[in-house]
Amino acid sequence: MGMIFKKRINQDFFKTWTSEMSYVLGYVTADGCIAASKDRKNNPLTFNITSAEKKHLYRLRNVLGSEHKIGKKSGGSSNIIAYQLQIRNPIITKDLINLGILPRKTYNLSPIKVPEKYFPDFVRGFFDGDGTVYIYNVNKIPQIKAGFVSSSLSFITKFDEQLCENLSIPKKTIHQTTDKRMGRKMTQYTIHFYIDDCEKLAEFMYRNVPTLYLPRKHRVFEKWKSIKRRHYIKQNYPSKVGWRLNQKILA
């Protein structure tokens, strides 16, 4: 007889590529993991999604067809309150492992093969988990910057190539940084998008009018659209102060 699970979930969710599945996979690539428990020999793996966005976790739980509890995550030195969705289901964890989400993902994440049709959803999910976007001023001139971060160089390298190819722009420079949290140093890799490239990124992620996205990040792109500004020309890229207002010169 098969295993009987007390809590309902769509066990086939990660078996078939859909827009929602691809988004959740992207989000899991950023803010999810598979944890192993030594004291549970029959069912040792747990699928976790951790986020400070409690309402968004409920959206993800609903998409997964899950009735698992969302609890507050304790521990760590950060003042940010985090919430966690934990799912113990061997079918779900096996499918995620087959897709490339392995235990100890932080240290062994490899490029994930996503069909081109669903790549915008994957990018949006990964962006909502490990992406940033904000508007700032340089010499009173509004600018917008978006970026992605990953602890895996092989993953971010392939991700950079595939994304920039879809946006029809040159590959981004990958920057190495050191994150100091919870008393340990972690090497991370980032890519950044500015102005026109940032607008292309937003159009790519939201062009199909998705229902699954993080509202607060989407609002930044919407706010940028409403800012009255002239055309830009970039100089001395990638320096932030290299941007200046000017009439765009067409070839």
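Which helix does Phe122 lie in? Helix α5, residues 119-130. One reminder before I go on: this is a predicted model.

Let's stay with Phe122. Buried or exposed? Phe122 is buried, because its relative accessible area is 1% and the cut-off for buried is under 20%.

Now its contacts. Phe122 touches Ser22, Tyr23, Leu25, Gly26 and Thr29, and also Ile112, Val114, Phe155 and Phe159. That list leaves out residues up to four places away in sequence. Take Thr29, one of those contacts. Phe122 and Thr29 are 93 residues apart in sequence. In space, their C-alpha atoms are 9.2 Å apart.

Next, the cavities. How many cavities of 30 Å³ or more are there? The count comes to 1. The volume of the largest cavity is about 50 Å³.

Who lines it? Phe122 is among the lining residues of the largest cavity. Pro111, Ile112, Val114 and Phe119 are in the lining too. So are Phe155, Lys158, Phe159 and Gln162. Note the overlap with the contact list. Ile112, Val114, Phe155 and Phe159 touch Phe122, and these four residues also line the largest cavity.

Which helix gives the most to that lining? That is α6, with 4 residues. Helix α6 spans 153-167. Both α5 and α6 supply at least two lining residues each.

Last point, the chemistry of the wall. By class, the lining of the largest cavity has 7 nonpolar residues, 1 polar and 1 charged. The charged one is Lys158. The polar one is Gln162. Phe122 counts among the nonpolar residues.

That's the tour.

Technical notes
Residues are numbered from 1 along each chain as its sequence is written. This is a predicted model: local features need pLDDT of at least 70, side-chain atom pairs count only at pLDDT 80 or more; totals for chains, interfaces and linings use all residues. Side-chain values use heavy atoms; hydrogens and water are left out. Buried means under 20% relative accessible area, exposed over 50%, partly exposed in between (1.4 Å probe, protein chains only). Contact means heavy atoms within 4.5 Å. On a 1 Å grid over the protein atoms alone, a cavity is a set of points where a 1.4 Å probe fits but cannot get out, and a pocket is an open set with protein on both sides within 12 Å along at least five of seven lines; lining residues have an atom within 4 Å of a point. Grid points are joined across faces, edges and corners, and a volume is the space filled by probe spheres set on the points.
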